[in-house]
Amino acid sequence: MNQRWQAAMLVCLLLAGCQTGESGSNGAAGPSGQPPESAVHPSDYQQGKTSQSPVDPDLQLEAKYWNIVKVQNGQKVIQNPDNILVLVNKEQSLPPGYKPADLVVPRVPFVCADPNAEKRHMRAEAAAALEEMFAAARRDGIELVAVSAYRSYERQQVIFAEEVRQKGKEKAVQAVAHPGQSEHQTGLAVDISSRSAGCQLTQSFGATKEGQWVAAHAHEYGFIIRYPKGKEAVTGYKYEPWHLRYVGRKAAAVIKKRGLTLEEYFKVVKKV
C-alpha cells in the first residue's frame with residue numbers, strides 16, 4: 001500500500017508541475033515582447049484612433065476643385081477650366097479656345113469707357129463678388145476703379161508679343177503671361193487701381209490707402225492678391241498689388257490667414 005500511495009503522489013506532483021509551466025507560457029509576453037492577443041482589449045484600438053489629431057476642415061478640398069490636366073505638345077493643358085479654383089500658371093495652361101460661358105459686366109466703375117469692351121467682363125460669380133467689394137470699399141470711403149478683367153487667348157498673344165518687342169523675352173515673362181497662361185482668360189481675375197495711383201497698374205498702388213484696404217479686405221469677398229510681395233519665386237511673377245483673383249470666400253480666407261499663394265494652397269490642402 002505504501003508503494004502504491006507513493007506512486008500516486010509522484011504522479012500528482014508531476015501533473016502539477018506540467019500545469020504550472022503551461023499557465024506561465026500563456027500569461028507572459030512572447031519572444032517579441034508584445035502582449036498576447038487576448039490581453040489587448042478592443043477599446044485599446046478605438047482609443048488609438050480617436051487620439052489622432054482631427055483634420056482641419058478648412059484644409060479639405062473636394063476633388064472637383066483640382067486641375068485635371070492632359071499633356072499636349074509637351075504642355076500641361078487644363079481640362080476643367082470652368083473650375084472656380086483653377087490653377088493657371090507657367091506650368092499649367094488653359095486650352096487656347098477656352099472662353100467662359102457666363103461672362104457678364106460687373107456694375108463697378110471701369111477706366112475703359114466702352115461698355116461692351118472685352119476687358120470689362122467677368123464670370124458671373126466673380127462679378128457679383130466684385131460689386132460687393134467695391135460697395136463695401138465705398139462705405140469705408142475708399143474709391144476703387146477696375147482696369148481690366150477678362151482677356152481672350154488672342155488678346156494675350158498680342159499683349160505678350162508687344163511686351164517682348166519692347167523689353168525682350170527675359171523681362172517680358174516676369175510681367176506678362178504666355179498666351180494660355182493668363183488668369184485673365186479664366187474670367188476670374190481683375191486688375192484694379194485708384195485715382196490716387198493715377199488709375200495705373202503700378203506697385204505704388206499697394207502703398208495707397210486704397211491698396212491697403214484691398215489687401216486687408218479682399219478675402220472677405222473671395223478675392224486674393226494673386227502675386228504677393230516676397231513670393232516671386234513661387235508664382236513666377238513680380239509683385240502685383242493690383243491683380244486680384246476670385247477663388248471664393250472659403251479658400252480666400254485660408255490663403256489670407258496662412259499667407260499663402262494659390263500654388264502653396266494646393267500643397268497644404270487634402271483632396272476629399
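What is the volume of the largest pocket? Keep that question in mind while you get your bearings; the tour will come back to it. The model on your screen is a predicted one.

**Stop 1: the whole chain**

Start with a cartoon view of everything. The chain has nine helices and eleven strands. It runs to 272 residues, and 42% of them are buried. Now turn on contacts: among those between residues at least 6 apart in sequence, 63% join residues at least 24 apart.

**Stop 2: the largest pocket**

Here is the answer to the opening question: the largest pocket has a volume of about 570 Å³. To find it, select Arg 151, Ile 159, His 184, Asp 191 and Leu 201, which lie nearest the centre among its 25 lining residues. Next, colour strand 7 (145-148), helix 4 and strand 10, the elements that each give two or more residues to this lining. Helix 4 has the largest share, with five residues. If you colour the lining by class, you will find ten nonpolar, five polar and ten charged residues.

**Stop 3: along helix 4**

Stay with helix 4, which covers residues 153-167, and select Lys 167 and Glu 163. These two form a salt bridge, and their closest N and O atoms are 3.1 Å apart. They sit four residues apart, about one turn of the helix. Are the two partners buried or exposed? Lys 167 is partly exposed, with a relative accessible area of 45%. Glu 163 counts as buried because its relative accessibility is 14%, under the 20% cut-off.

**Stop 4: a buried pair and its network**

Select Arg 226 and Glu 183 next. Their closest N and O atoms are 2.7 Å apart, and the two form a salt bridge. This pair links distant parts of the chain: Arg 226 belongs to strand 9 (residues 223-227), while Glu 183 is in the loop between helix 5 (169-175) and strand 8, 43 residues away. Arg 226 is buried at 1% relative accessibility, and Glu 183 is buried with a relative accessible area of 1%. Add Arg 245 and Glu 263 to your selection, and you have a network of salt bridges linking Glu 183, Arg 226, Arg 245 and Glu 263.

One more pair is worth a click: Lys 231 and Glu 264, a salt bridge with its closest N and O atoms 2.8 Å apart. Lys 231 is in the loop between strand 9 and helix 7 (232-235), and Glu 264 is in helix 9 (residues 262-268), so this pair ties together parts that are 33 residues apart in sequence. Glu 264 is buried, at 18% relative accessible area. The count of salt bridges comes to ten.

**Stop 5: the nonpolar cores**

Now show side chains for Met 133, Leu 144, Val 190, Ile 192, Trp 213 and Phe 223. Within the largest nonpolar core, which has 34 residues, these touch the most other members. Helix 3 (124-139), strand 8 (189-193), helix 6 (209-217) and strand 10 (240-246) each supply at least two residues of this core. Helix 3 gives the most, with eight residues.

Zoom in on Val 190. Leaving aside residues up to four places away in sequence, the residues it touches include Met 122, Leu 130, His 184, Phe 223 and Trp 242. Then move to a second, separate core of 16 residues, with Leu 87, Val 247, Ala 251 and Ile 255 among them.

**Stop 6: the second largest pocket**

This pocket has a volume of about 280 Å³. Select Ile 225, Pro 228, Ile 255, Lys 256 and Leu 260, the closest to its centre of the 15 residues that line it. Helix 6, strand 9 and helix 8 (249-258) each supply at least two lining residues. Strand 9 has the largest share, with three. By class, the lining of this second largest pocket divides into ten nonpolar, two polar and three charged residues.

**Stop 7: an exposed loop**

Finish at Ala 101, in the loop between strand 4 (92-93) and strand 5 (103-104). Ala 101 counts as exposed, at 84% relative accessibility. For a last view, draw a line from Ala 101 to Ala 124: the two are 23 residues apart in sequence and 9.5 Å apart in space, C-alpha to C-alpha.

Key
Residues numbered from 1 in each chain as written. Predicted model: local features only at pLDDT ≥ 70, side-chain atom pairs only at ≥ 80, totals over all residues. Heavy atoms only, no water. Core = buried A, V, L, I, M, F, W, Y, C linked by side-chain atoms within 4.5 Å. Buried < 20%, exposed > 50% of the residue type's maximum accessible area, 1.4 Å probe, protein only. Contact = heavy atoms within 4.5 Å. Salt bridge = Lys/Arg side-chain N within 4 Å of Asp/Glu carboxyl O. 1 Å grid on protein atoms, 1.4 Å probe; cavity = no way out; pocket = protein on both sides within 12 Å on 5 of 7 lines; lining within 4 Å. Points joined across faces, edges and corners; volume = space filled by probe spheres on them. Nonpolar A, V, L, I, M, F, W, Y, C, P; charged D, E, K, R; others polar.
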